[in-house]
Amino acid sequence: MTNEILKRFDLRGKVAAITGGGGELCGAMSDALGAMGVAVAVLDLSLEKAEARAQAVLQAGGVARAFRCDVLDPGEVRECYAEVCRLWGPPDFLINGAGGNDPRGSTSEEFHDPQGAPATGAQSFFDLDPAGFRQVLDLNFLGTFIVTQAFSQGMVAQGQGAIVNISSMSAFTPLTKVAAYSAAKASVSNFTRWLAVHFSRTGVRVNALAPGFFMTEQLKFLHIDRKTGELLPRGHKVIAHTPMGRYGQPDDLIGTLVWLLSDAASFVTGVVVPIDGGFSSYSI
């Protein structure tokens, strides 16, 4: 019985495409899948980052190839898909990890005080730049849509495959300040559920991970004082609201990712799984 269960998690011989694969979170996914015998197409806007991650997979004994890919350029995305197919055949898995925020879509303060004088350089809701707001929406949501439209074709044709989108805690309950990012990730979660239903009779499953607060380099800049190394006030709020009392690490995503890609999750589609140390469950 044990061997039969373990076989359901066996991903050897499969092909995965990972956007944002040069980053910290999706880079860890690239490493893990490569170690499990998956051929990994590492797609990133930065070819340098993609090549570095692909090289790490190769040095560990895996199979990988780097691709420069702008997820907002349909032509470039289709070219990447065609090249992956030429190398290894149509991907079995797609992980949509490309995303991010733009300061132009975030406010400086959590609460708008109509009576208070704005601080120098502060950005209120009324100061948000529509172009910046749209950039965040496009990168996170439209980038997921464009890549999925191209890379899922082979899965549908073969009658099997798994797509995992990267959503966020801010999709469940919008985080203060990051207005555009919260709206964008809510769109990713909604699209995940919509596509899961749309593809439900094709053999292709569609799910999402919703990471909580993970200690990436980008987050360090916002949550840790660079001079003292101590948590900033927002960081203290995060830890106070996370029952497990710590930030996530990239490897904390791997177990759930493997489960969602594997045959062990063959009846799982349309779910957005929080990986947040209890953040989304805690209330006072």
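Set aside its neighbours within four places in sequence, and Ser30 is in contact with Ile18, Gly21, Val40, Val42, Arg53 and Val57. Ser30 sits in helix H2. The model is a predicted one. This briefing starts from Ser30, then turns to helix H3, two helix pairs, and two single residues.

**Ser30 in helix H2**

- Is Ser30 buried or exposed? Ser30 counts as buried, because its relative accessibility is 0%.
- Two of its contacts, Arg53 and Val57, also appear in the list of H3 residues that meet H2.

**Helix H3**

- Helix H3 covers residues 47–59, which makes 13 residues.
- From first C-alpha to last, H3 reaches 18 Å. That is close to the 18 Å expected at 1.5 Å a residue.
- Which residues of H3 are buried? They are Ala50, Ala54 and Val57.
- Viewed down the axis of H3, these buried residues fall within an arc of 55°, so they line one face of the helix.
- The buried residues of H3 pack against three elements: helix H2 (24–35), strand S2 (39–44) and strand S3 (63–68).
- Glu48 and Gln59 lie on the other side of H3, and they are exposed.
- Gly61 comes just after H3 and takes a positive phi of about 95°.

**How H2 meets H3**

- Two packed helices are described by the angle between their axes and the distance between the axes.
- The axes of H2 and H3 come within 9 Å. They cross at roughly 25°.
- H2 is therefore roughly parallel to H3, since angles under 35 degrees count as roughly parallel.
- The crossing of H2 past H3 is right-handed.
- On the H2 side, the contact is made by Gly27, Ala28, Ser30, Asp31 and Gly34.
- On the H3 side, Arg53, Ala56 and Val57 make the contact.
- Val57 is thus named twice: it is among the buried residues of H3, and it takes part in the contact with H2.

**How H5 meets H7**

- Helix H5 spans residues 130–158, and helix H7 spans residues 179–198.
- Their axes come within 7 Å and cross at roughly 20°.
- H5 and H7 are therefore roughly parallel to each other.
- This crossing is right-handed.
- Which residues of H5 meet H7? They are Phe133, Val136, Leu137, Asn140, Phe141, Thr144, Phe145 and Thr148.
- Their partners in H7 are Ala179, Ala180, Tyr181, Ala183, Ala184, Lys185, Ser187, Val188, Phe191 and Leu195.

**Lys177, in the loop before H7**

- Where is Lys177? Lys177 lies in the loop between helix H6 (169–172) and H7.
- Lys177 has a positive phi of about 75°, although it is not a glycine.
- The relative accessible area of Lys177 is 29%, so this residue is partly exposed.

**Cys85 in helix H4**

- Cys85 is placed in helix H4, residues 74–88.
- With a relative accessible area of 23%, Cys85 is partly exposed. The cut-off for buried is under 20%.
- Leaving aside neighbours within four places in sequence, Cys85 is in contact with Pro90 and Pro91.
- How far apart are Cys85 and Gly154 in sequence and in space? They are 69 residues apart in sequence and 8.7 Å apart in space, C-alpha to C-alpha.

Conventions: Residues are numbered from 1 along each chain as its sequence is written. This is a predicted model: local features need pLDDT of at least 70, side-chain atom pairs count only at pLDDT 80 or more; totals for chains, interfaces and linings use all residues. Side-chain values use heavy atoms; hydrogens and water are left out. Helices (H or I, at least four residues) and strands (E, at least two) are DSSP runs, numbered from the N terminus. The expected span of a helix is 1.5 Å times one less than its number of residues. Buried means under 20% relative accessible area, exposed over 50%, partly exposed in between (1.4 Å probe, protein chains only). The arc is that of the directions from the helix axis to the C-beta atoms. Contact means heavy atoms within 4.5 Å. Axes are lines fitted to C-alpha atoms, for helices over the stretch in contact, and angles run from 0 to 180 degrees between N-to-C directions. Angles under 35 degrees count as roughly parallel, over 145 as roughly antiparallel, 65 to 115 as roughly perpendicular and the rest as oblique. A crossing is left-handed if the near helix is turned anticlockwise from the far one by less than a right angle, and right-handed if clockwise.
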